[in-house]
Amino acid sequence: MKKLIVALAMIVSTLSVTNAQDRLRLNVYGLNHDHISGFLSQYRNGTANVVGIYEPSKPLWEKFKKRYNLPDSIYFDDVKKMIKATKPDVMLGYNAVGKHIDIVEVCAPLGIPVMVEKPLAATLDQAKRIEFLADKYKVTVLVNYETTWYPSYQHVKDVIGQDSIGEIRKVVFHDGHKGPKEIGCSPEFLAWLTDPVLNGAGALNDFGCYGANLMTWLMHGEKPISVTAIAKHYKPEVYPKVEDDATIIVEYPTATGMIEASWNWPLNIKDMEVFGVKGYMHAFNGNDVQLRLKDGNMGTTTKARPLPATIADPMNYLYAIIKKKIPAPDDQSSLKYNMITMQILDAAKRSINEGKRITL
């Protein structure tokens, strides 16, 4: 568990492009998502200005209060009172995926931007409601994925943009680990992560969302023409309610994406392989990339250059978007791309249930 917390802390980098007086006033909605550990480490280090935390479970608040030395002054058991008292610049969602809609229902009418942990919602219907509220109230809704901040993935996309490997023909995504229980996720996290209503699925939503989101990004927001998926239940005694392994095929007129998501692998892995007309690229992790061209050479592995500071981590990115330092892009975090991500995940579930290819 200690290794998990350290890894999560690394996800939310302590880079800062702002001074202390100019940092965003942050509210947090929920504490039952284990990725909150990385963010609260940033708060404890003095690089995030958290002015309020809403958590309906007082015992859960006490747990985090003790672990991160949180002051009682920032705790609220009523989200509307928190917003009124603290006047936040943005709300960060660290609750169950199926409850993300609750955050937007509260924040959108008040004009408060929202960033939730991936995926956007548990169901496509919830996502459509979020999109409706964001459009109605002209409010920014973003989704945070660990892979958004991988220099290696941006490097791959940049090389593709330079036509160095030619047009994309196939992309393969591996995202998974031994399983949330096996790696030591908290009971509060497991309670909703393994629930088909609160999470929307099991490994399919938890890890399948990465590939669906990244494929949408690589294809510049193009919707696939079809989705075909299968699900496996290798550990029903551990995860009785949801699948623990899923494979999703997304078909485009000129390319195919293979999304492999699992709670059954012998190691933690997030990687991406891109096959182009003229070459192949493999992002092994967040930093290391191999390029091979069709002349048969084995290629060399290089480290990708760091991302520009304004888009290097969630906090800097949020600041740049909300303060209009950069225009709101169509990217992995955007609502536009995440609506397509949700359509892919929804079609994958329908494909599994109906046993057939789903045309979008």
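Colleague: With which residue does E182 form a salt bridge?

Modeller: With K235, and their closest N and O atoms are 2.8 Å apart. A salt bridge here is a side-chain nitrogen of Lys or Arg within 4 Å of a carboxyl oxygen of Asp or Glu. E182 sits in the loop between β7 (168-176) and α8 (187-193), while K235 is in the loop between β8 (226-232) and β9 (245-251), so the pair ties together parts that are 53 residues apart in sequence. Bear in mind that this is a predicted model: local features need pLDDT of at least 70 and side-chain atom pairs count only at pLDDT 80 or more, whereas totals for chains, interfaces and linings use all residues. Residues are numbered from 1 along each chain as its sequence is written, and side-chain values use heavy atoms, with hydrogens and water left out.

Colleague: Are E182 and K235 buried or exposed?

Modeller: Buried means under 20% relative accessible area, exposed over 50%, and partly exposed in between (1.4 Å probe, protein chains only). E182 counts as partly exposed because its relative accessibility is 36%, and K235 is buried, with a relative accessible area of 14%.

Colleague: How many salt bridges are there by this rule?

Modeller: The count comes to 13. Another one joins D206 and K118, at 2.7 Å from N to O. D206 belongs to helix α9 (residues 203-218) and K118 to the loop between β5 and α6 (124-137), so parts 88 residues apart in sequence are tied together. Both ends are buried: D206 has 8% relative accessibility, and K118 has 5%. For K303 and D288, the salt bridge is 2.8 Å, N to O. It links strand β14 (residues 300-303), which holds K303, to strand β13 (residues 288-293), which holds D288. K303 is exposed at 62% relative accessibility, whereas D288 is buried at 17%.

Colleague: How should I read the strand labels, and which order do the 9 strands of the open sheet take?

Modeller: Helices (H or I, at least four residues) and strands (E, at least two) are DSSP runs, numbered from the N terminus. Two strands pair if DSSP finds at least two bridges between them. The 9-strand open sheet has mixed pairing and the order β14-β13-β12-β11-β7-β10-β9-β8-β15. β14 and β15 (358-359) are at the edges with a single partner strand each, so one side of each is left without a neighbour in the sheet. Within it, β8 and β9 run antiparallel and are joined by 7 bridges, and A229 stands opposite I248 in β9.

Colleague: In what order do the strands of the 6-strand sheet come?

Modeller: That open sheet is parallel, with the order β3-β2-β1-β4-β5-β6. Its edge strands, β3 (75-76) and β6 (141-144), each pair on one side only. β5 and β6 share 4 bridges in the parallel sense; M115 has L142 in β6 as its bridge partner.

Colleague: What is the nearest side chain of opposite charge to E117?

Modeller: For charge, Lys and Arg count as positive and Asp and Glu as negative; His and the chain ends are not counted. The nearest such side chain is K118, 7.5 Å away, and E117 is buried yet has no salt bridge. E117 is found in strand β5 (residues 114-117). Contact means heavy atoms within 4.5 Å, and, leaving out residues up to four places away in sequence, E117 touches several residues, including H33, H35, Y94 and H100.
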